Every structure is written in C-alpha cells, then in structure tokens.
Amino acid sequence: MKSRRDRLARAKDITDQLWRLQQSRLAQAEGAVAALRAAESASFQSLDRMEPRLVLPYIATLAAQRAEAEAALARAQESAREYGRRMKLTEKLHKAAKEAARRDEAGVALRFDAASDDVSAR
C-alpha cells in the first residue's frame, strides 16, 4: 500500500510539473498572439502615412502569422486543460490512497488495542 501511495505521490508531482509547463507554454502563446495583434494594429494605423502598396503585404504576413499563432494558442489551451484534468484526477487518487492508508493504520491500531485489552482481561 505504501509503494502505491509513493507512486501516486510521484505521479502527482510530475503531473503538477507538466501542468505548470503547459501553463507556461499557454502564456507564451498568448503573448505571441497579443504581440502580433499589436503589430497588425500599428500597421493598419500606418497605412495613411505610408504607401499602401508597401504596407499591405506586411499586414497580410502579420495576419497569416496571427492565424497560425491563434491556432497554436488553441492547441496550448486544450493541452493545458487536459493536463489540468489529469492533475486533478491524480490529486484525487493520491488523496484517496492517503485516506485508505490512514484508515488501515487506524484499523491496525484498533485491532492492536483490542488484542491488548483481551490479553489484559485474562
């Protein structure tokens, strides 16, 4: 029982680290999308000051990059959700294993007390 509890504890720690990694990747993807949106907005604002023929291809490139970044963001969000689910499930299993071990230890202690009461009653 102890080895199962230890394995679940290690799995919980690893899952937590993976979830944190996914959260970091999600934040990076969100930052990339925000930067591309800002660059795209600035490019649209510069259209009246510059030659549109020069700016429009750049805007098209930014739009394509933003679409790719948003797709990557969607994948990162799904991955982070999945790792979050895994983390919660692993935490539940670990908590249940700890509770079962605690109950087993309490049962052993009660049996020991009952056995010692029987011995002292004789």
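This passage describes the fold, the core and selected residues of one chain in a predicted model.

The chain contains two helices and zero strands. Helix H1 covers residues 2-45. Helix H2 spans 52-121. Of the 122 residues in the chain, 21% are buried. The accessible surface amounts to about 8900 Å². Carbon and sulfur atoms hold 56% of that surface. Contacts were also examined by sequence separation. Among those with a separation of 6 or more, 78% join residues 24 or more positions apart.

The largest nonpolar core consists of nine residues. Its members are Leu26, Ala29, Val33, Leu36, Leu62, Ala69, Leu73, Ala76 and Ala80. H1 and H2 each supply at least two residues of this core. H2 gives the most, with five residues. Leu36, one of the core residues, illustrates the packing at the level of single contacts. Residues up to four places away in sequence aside, Leu36 touches Leu62, Gln65, Arg66 and Ala69. Of these partners, Leu62 and Ala69 are listed in the core as well.

Gln22 offers a polar case. This residue lies in helix H1. Gln22 counts as buried because its relative accessibility is 7%, below the 20% limit. With neighbours within four places in sequence left aside, Gln22 is in contact with Ser79, Ala80 and Tyr83. Among these, Ala80 is also a member of the largest nonpolar core.

Nonpolar side chains also occur at the surface. Ile14, Leu18 and Leu21 form a nonpolar patch there. Together, the three residues have about 230 Å² of accessible area. Leu18 is found in helix H1. Its relative accessible area is 32%, so Leu18 is classed as partly exposed. The value falls between the 20% bound for buried residues and the 50% bound for exposed ones.

Lys2 belongs to helix H1, whose residue range begins at position 2. Lys2 has a relative accessibility of 55% and therefore counts as exposed; the threshold is over 50%. Lys2 and Lys98 are 96 residues apart in sequence. In space, their C-alpha atoms are 9.0 Å apart. Lys98 falls within the range of helix H2, 52-121.

In summary, the predicted model shows a chain of two helices, both of which contribute to the largest nonpolar core. Gln22 is buried, Leu18 is partly exposed, and Lys2 is exposed.

Key:
Residues are numbered from 1 along each chain as its sequence is written. This is a predicted model: local features need pLDDT of at least 70, side-chain atom pairs count only at pLDDT 80 or more; totals for chains, interfaces and linings use all residues. Side-chain values use heavy atoms; hydrogens and water are left out. Helices (H or I, at least four residues) and strands (E, at least two) are DSSP runs, numbered from the N terminus. Buried means under 20% relative accessible area, exposed over 50%, partly exposed in between (1.4 Å probe, protein chains only). A nonpolar core is a set of buried Ala, Val, Leu, Ile, Met, Phe, Trp, Tyr and Cys residues joined through side-chain atoms within 4.5 Å. Contact means heavy atoms within 4.5 Å. Patches are made of residues with over 30% relative accessible area and no salt bridge: like charges are joined within 9 Å, nonpolar side chains (Val, Leu, Ile, Met, Phe, Trp, Tyr) within 5 Å. Accessible areas come from the Shrake-Rupley method with a 1.4 Å probe; for residues, only the protein chains shown count as cover. A salt bridge is a side-chain nitrogen of Lys or Arg within 4 Å of a carboxyl oxygen of Asp or Glu.
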